[in-house]
Amino acid sequence: MRLHRLQLAAFGPFAGEIDIDLDLLGADGLFLLHGDTGAGKTTLLDAIAFALFGRVPGARNDAKRLRCDRAEPADRTFVRLEATLGGHRVEIVRSPSYLRSKARGVGLTEEKAKVALRWLDPPPDGARADGLTRAEEVGQTVIDLLGMSADQFFQVVLLPQGDFARFLRSDTAEREVLLERLFDTGRFGSIEEWFAAARRDSAARLKDRKVVIGQLLARVGEAAGVATVDDADTASWLADLRDRLADQAALAAEIAVSTAEARVRSEQALAGVQLLAARVERLLALSARHDVLADAEPQRANWRLMLGAHQAAQSVMAAAATAQSFAQRSGEQQRSVDRLRLAAERLVAPDEDVPKLAVDLRSTSALGRERAGALSGLILQSRDQDRDRTALAAATTTINQIRRRITVLDRTLVELPVQVQLLTARVELARRAAQQLGTVSERAATAAAVLAATHDVVLRRDRSQQAELAACTAIDAHQRCVDERQRLVELRIAGMAAELAHGLTDGRSCPVCGSCDHPTPASPARGAVTAAQITRAERAEQTALQARTVSATAREAASLALAEANGAAAGRTVEQAKEEFATLADLLAEQRTLADDVQPAQTALSAAQDGLRVATEDRQSLLARLSAAVAESEVLTSVVADRGIRLAQGRAGYPDVAARRDHLTELADALDRLAAATDRMETAELQHAEAATLMSETLAASPFRDLTAAGAAASIDHEALSRQLRLVEDELTVLTARLADPDLSGLDTEVEIDLEGAQCAALDHRRTSEAAASRAAALAAQRDQVAAAVARLRLATLELEPVLDADAELAALTDVILGKGQNSRAMSLRTYVLAAKLGQVACSAGQRLSTMSGGRYTFVQSQEKEARGRSGGLGLDIFDAFSGLVRPAKTLSGGESFLASLALALGLADVVAAEAGGRQLDTMFIDEGFGSLDADTLDMVMGTLDELRAGGRIVGLVSHVEELRHRIPSRLRLRRTPLGSELEMVTG
């Protein structure tokens, strides 16, 4: 950076316009600013800062009073700075905001702040060739060219010695503030904040994981029906719980098997007791009836005697009729038995046979009814099964619906961020267009003015050519008049002797030579010029001169107008101006279109952001509902599966338990009907056989040859007696046959049968078996449920381990970055960077301080921690080579403090310049502080300044020290006057 020229007007204490040629003033590389106190030495530095950055250093910027109070109301306040920044020569003109008198009426009006940057050589790539007029663009361009911010510029170019003296003696906190202002460490602070936020997020995630594990542990305890334990005992507690539940389930299963076997045995014993009781009851009934009939035998003998022979025929016919009747009944009963057997066979399984005997049929029927009765409890469970299956189906449907909705939300959560990003870019583009609309509008207006100026150039060029032609004609005419006047004057001079001779008389002296003798007076020549002719020629010349002056004025005016038009046209042709105006008009229309899209784009962005938030909240809600539904589904699945096993066993291949019970009841009814029909059929067959035998015997014993003869004798009316006798004898025959049944042979009718005890025992075994089976199923379900919960707990525990490791690693790294934990220096990342920068400054400044102090002093960076555990690294002490000790900077004298402060300022300038990309700071100002130096120390300081200017820098000193006026030939003296400060420049 090099400053070339500074102009200012009505600025600070300067009421008039000041123009300083800094190239001339700094030709020797060193110049001095001195003068009266308050004359404006510091104001010149403020003017440079204001021109570059639009503000001045320190507290003076807060006053906002840059306009001179003694300036004329019509005078404009401005600063014009011509400088080379970043290799590009620019001119910056900047005016502050101030109040001035109104042009019309009374009162004040505000003059807006203005700024303009103009390129004095080819601009950088991408920069606008016509310069910049917006404060933000000019400020950013200056920062880009300089490579440093305003605070850095104020600190390293306008070296404020008082600030560096405070910096030298300040504590760590104050020194850290200045270093952060000079060196951009914001990104390191952002890194610290990012790690702190990441640590908090990691801790929150770890806490959430632990909460989940606690919930899973509680679920294990809830499923097992026991209280949970501390985390330290979780593994052993889970192992003991798993083994205990497994042992309980296994023991319950064994008990269920043994009780089921006992139930089968008790049911078999009950069936045997019931069968025995039925046989004994049947034998007792038949024996009693047989005894009654046997006792009635004398009466029957008496009947036979009474019938005598008269009944012989009747008995034969009766025997025949009876035989016929029993034959028919036997056939009917056989058909009924066949029909009922066929119906019963349709009800039994294909691989089973229907018993032939009635007793077997009744035993099978009784067993079926027992089984049907045992299925009543399962029917109630089947109803619960249907209800739970419906609930399970509903839960499955709910889970599928939630998962589909989550899938849709996942797609939405993938699409919406992209949409938000696009809409954000759209809003930003519209906002930038709205911000640039004024600039583009101004450029379009400028292009329109340039286009109008190009048309004006053509018109004024013609006028200028006409004025030039008229001026040339007037010059030629004037020149001819001059030539004519000169010719006439020469001719008159040539004829002047004759004119004088015409006035000579004898005796009178000659006005030329004074002689009174006139021997040969000259005679007038032919065509002599008179005075009147010269007078006319002079008048003609004056007229031509006036015409020449008028034409020259007109030419100058036309030329100036043409120059103004060319300036307004900026060197463009009409076609170029039209093209630029069309381009800017299109750009303006495009910018307006984009600017009009700000509200719609913002509305769409807000809607997309709201949709993203709602989708995120819905997904969290759905995940919670999904977890609850899955848990409910798992419980229902386990219950339905366990109950399904029992129902499948009870259903035994039928559609449902009720169907099997109905089938068993129907089969028992069919078997009972078949048993009854079988009894009737057997009775009928027996009766038929007995009747046939009786008929044969009767016929053989009768006096009749055949039945025809017996029929003829049967007309005797002894029907009632005969029928009664036959019935008794038939019943006795049947009883005899039944008593002869092999199933009743050898049966002890005195045996004691405990049917009620067998029934109670069978009922007890059945209840015990069902209870044991239910307990075994419940324990197995509990074991499986706990095993599933333990598996989920173990998975969550395994997933927690990498989270714990990552959190510990992140916490340790965050502590190191924040100056804690394993950070032995207790320095945060930002403080560490500042300490490194301070080390560079101390190294550079220490070399300069050593030179200026004759090798006695140099800077030493302190790494010691400060009081109350605050981190070190920003301490700055002085090493005294004479004593070999390190001493605090506060122990330096006033002059030594100035040397240290100056060395620190120059060292800091070197480091900041290096931070700015190595840009050379060719111009530097040092404000005050030299009055505290003795002559020898001043010589060392001047030697340091000579080294600076020997390197190509221009150094400006602001000081009241008289000695510096003799040492520095190039000076700028300021004087304070009642009308404002004045300036005088002296160069060597």
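User: Let's start with the pockets. How much space lies in the second largest pocket?
Analyst: Keep in mind that this is a predicted model. The program that looked for open spaces put a number on this pocket's volume, and the second largest pocket holds about 590 Å³.

User: Which helix gives the most residues to the lining of that second largest pocket?
Analyst: The lining has 24 residues, and Ala631, Glu634, Val635, Gln785 and Arg792 lie nearest the centre. The elements giving two or more residues are α8 (186–224), α17 (598–651) and α21 (755–817). With eleven residues, the top giver is α17.

User: What about closed spaces: what is the volume of the largest cavity?
Analyst: Searching the whole structure turns up two cavities of 30 Å³ or more. For the largest cavity, the volume is about 60 Å³.

User: Which element gives the most to the lining of the largest cavity?
Analyst: Among the residues that line the largest cavity are Leu6, Phe31, Ile48, Phe925 and Leu972. Two or more lining residues come from each of α1 (22–25), β3 (30–35) and α2 (41–53). The biggest giver, with three residues, is α2.

User: Now the start of the chain. Why is strand β1 described as largely enclosed by the rest of the structure?
Analyst: A residue counts as buried when its relative accessible area is under 20%. Strand β1 covers residues 2–11, and it is called largely enclosed because the number of its ten residues that are buried is eight.

User: Which strand is joined to β1 by seven bridges?
Analyst: Two partners of β1 are worth a look. Strand β2 (residues 14–21) runs antiparallel to β1 and is joined to it by six bridges. The other partner also runs antiparallel to β1, and Leu8 stands opposite Val79 there. The strand with seven bridges, at residues 78–85, is β4.

User: Which residue in the turn between β1 and β2 has a positive phi?
Analyst: At the ends of these strands, Phe11 stands opposite Phe14 in β2. The hairpin of β1 and β2 leaves two residues between the strands. The turn residue with a positive phi, about 60°, is Gly12.

User: Is Ala10 buried or exposed?
Analyst: Ala10 sits in strand β1. Most residues other than glycine have a negative phi. Ala10 has a positive phi of about 50° even though it is not a glycine. Because its relative accessibility is 0%, Ala10 counts as buried.

User: Over to the other end of the chain. How many bridges join β15 to β16?
Analyst: Strand β15 takes in residues 971–975 and strand β16 residues 982–986, and they run antiparallel. Leu974 stands opposite Leu983 in β16. Their hairpin has six residues between the strands, and Gly980 has a positive phi near 125°. The number of bridges joining β15 to β16 is five.

User: How far apart in space are Arg975 and Thr37, C-alpha to C-alpha?
Analyst: Arg975 lies in strand β15, and its contacts beyond four places in sequence include Asp36, Ala39 and Glu984. In sequence, Arg975 and Thr37 are 938 residues apart. In space, the C-alpha to C-alpha distance is 8.7 Å.

User: Why does Arg975 count as partly exposed?
Analyst: Partly exposed is the class between buried, under 20%, and exposed, over 50%. Arg975 counts as partly exposed because its relative accessibility is 28%.

User: How far does helix α15 reach from its first C-alpha to its last?
Analyst: Helix α15 runs over residues 531–569, so at 1.5 Å a residue its 39 residues would be expected to span 57 Å. Its buried residues include Ile534, Ala537, Glu541 and Ala544. Right after α15 comes Ala570, with a positive phi near 55°. The reach of α15 is close to the expected one, at 55 Å.

User: Which residue just after α22 takes a positive phi?
Analyst: Helix α22 (residues 829–852) has 24 residues, and its 34 Å reach is close to the expected 34 Å. Just after α22, the residue with a positive phi of about 70° is Gly854.

User: To finish, what percentage of the residues in the protein chain are buried?
Analyst: The protein chain has 25 helices and 16 strands. Its accessible surface comes to about 53,700 Å², with 54% belonging to carbon and sulfur atoms. Out of 988 residues, the buried share is 38%.

Note on methods
Residues are numbered from 1 along each chain as its sequence is written. This is a predicted model: local features need pLDDT of at least 70, side-chain atom pairs count only at pLDDT 80 or more; totals for chains, interfaces and linings use all residues. Side-chain values use heavy atoms; hydrogens and water are left out. Helices (H or I, at least four residues) and strands (E, at least two) are DSSP runs, numbered from the N terminus. Buried means under 20% relative accessible area, exposed over 50%, partly exposed in between (1.4 Å probe, protein chains only). Accessible areas come from the Shrake-Rupley method with a 1.4 Å probe; for residues, only the protein chains shown count as cover. Two strands pair if DSSP finds at least two bridges between them. On a 1 Å grid over the protein atoms alone, a cavity is a set of points where a 1.4 Å probe fits but cannot get out, and a pocket is an open set with protein on both sides within 12 Å along at least five of seven lines; lining residues have an atom within 4 Å of a point. Grid points are joined across faces, edges and corners, and a volume is the space filled by probe spheres set on the points. Contact means heavy atoms within 4.5 Å.
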